[in-house]
Amino acid sequence: MDRERKLAHIVAYYFSRFDKEALENLGYKSDKEAWNKIGVALNVKYNYIKFRRDEFDVVHPHRLGWHKRPMSLSIIRTLDAFENFDEVTLRLLVQDIINNAHNPNFDLEMEVLSSVLPSDSEKKKRKVGAYTTRGITGKKAEDEFVWQLTTKKIQFPEDVEIKNVTNEGCGYDFKLIGKTTKYYVEVKGMSSVSGGISFTNKEWETARKKGDKYYVAIVTNIENEPQIRLIKNPAEQINPIRNIFSIIQINWSVSEKSLKNIAT
């Protein structure tokens, strides 16, 4: 995949996630105008960004998206890299991509951004469909876990109070509080009946520290007949492969000269 098409993935992600707000904030009156002008700027076909946007739509509420089409590794990697960017930060990044895709002064920045996506050889090595991202099935999997636990379709050693801590960055999604013990559960969802899962470094380190009190709940076949498999102390039972990825972060540097020029 060439650099322009990789950068187009980031632009398409922005349009999928922010939809009409994205059009308005970038000054386009219609999708057609956006695809035409951005296609020219990035030297990609008119429909390329539209089709990539539609692929991202399965994790965003604006359109139905391509639910029956397996997520490509390129789409998953883009979601993982940029999901924590707010609208303003992502918009400024997209504007830089559109305006400077062929500006040699921005070559280094563009190479860093495009490195998020897999090379053609990497895509051939990895089996698409064995990977998932939290945005696709995560919320449904969490809801299914709570429902099955509440209705006692799955059981813990004792009755528990369920506390959702998904957004607290604890390394697990739920704290289950029993009379004698607290349990920690990380939920992983898959749309199919089989496939692999991944842990963040925080999740895996937490699993190692909590030991027998830590569970991973794997919810499979989420769209049809969900099944839940509980694995106690996954750090003892699972032998994962560590993957190290570059994380896209943005910071703003100010030179010493600029600081000296500020009037005091």
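What is the handedness of the crossing of α1 and α3? The points below take this up, then turn to the sheet.

1. This is a predicted model. The crossing of α1 and α3 is right-handed.

2. Helix α1 covers residues 3-26, and helix α3 covers residues 46-56. Their axes come within 8 Å and cross at roughly 55°. That makes α1 oblique to α3, because an angle of 35 to 65 degrees falls outside both the roughly parallel and the roughly perpendicular ranges.

3. The α1 side of this contact consists of Arg-5, Ala-8, His-9, Ala-12, Tyr-13, Phe-15 and Ser-16. They meet Tyr-48, Ile-49, Arg-52, Arg-53 and Phe-56 in α3. By class, the contact has 7 nonpolar, 2 polar and 3 charged residues.

4. Now the sheet. It is open and built from 5 strands, in the order β1-β2-β3-β4-β5. The pairing is mixed. Strands β1 (161-164) and β5 (227-232) are the edges, and each pairs on one side only. From one strand to the next, the twist averages 25°.

5. Within the sheet, look at β3 and β4. Strand β3 spans residues 182-189 and strand β4 spans residues 214-220. The two pair in the parallel sense, over 6 bridges. One position to inspect is Gly-189, which stands opposite Val-219 in β4.

6. A helix also belongs in this part of the picture. Helix α9 (residues 201-210) lies across both β3 and β4. Relative to β4, helix α9 runs at about 130°.

Notes:
Residues numbered from 1 in each chain as written. Predicted model: local features only at pLDDT ≥ 70, side-chain atom pairs only at ≥ 80, totals over all residues. Heavy atoms only, no water. Pairing = 2+ DSSP bridges. Helix = DSSP H or I, 4+ residues; strand = E, 2+ residues; numbered from the N terminus. Axes fitted to C-alpha atoms, helices over the stretch in contact; angles between N-to-C directions. Contact = heavy atoms within 4.5 Å. Parallel < 35°, antiparallel > 145°, perpendicular 65-115°, else oblique. Left-handed = near helix turned anticlockwise from the far one by under 90°. Nonpolar A, V, L, I, M, F, W, Y, C, P; charged D, E, K, R; others polar.
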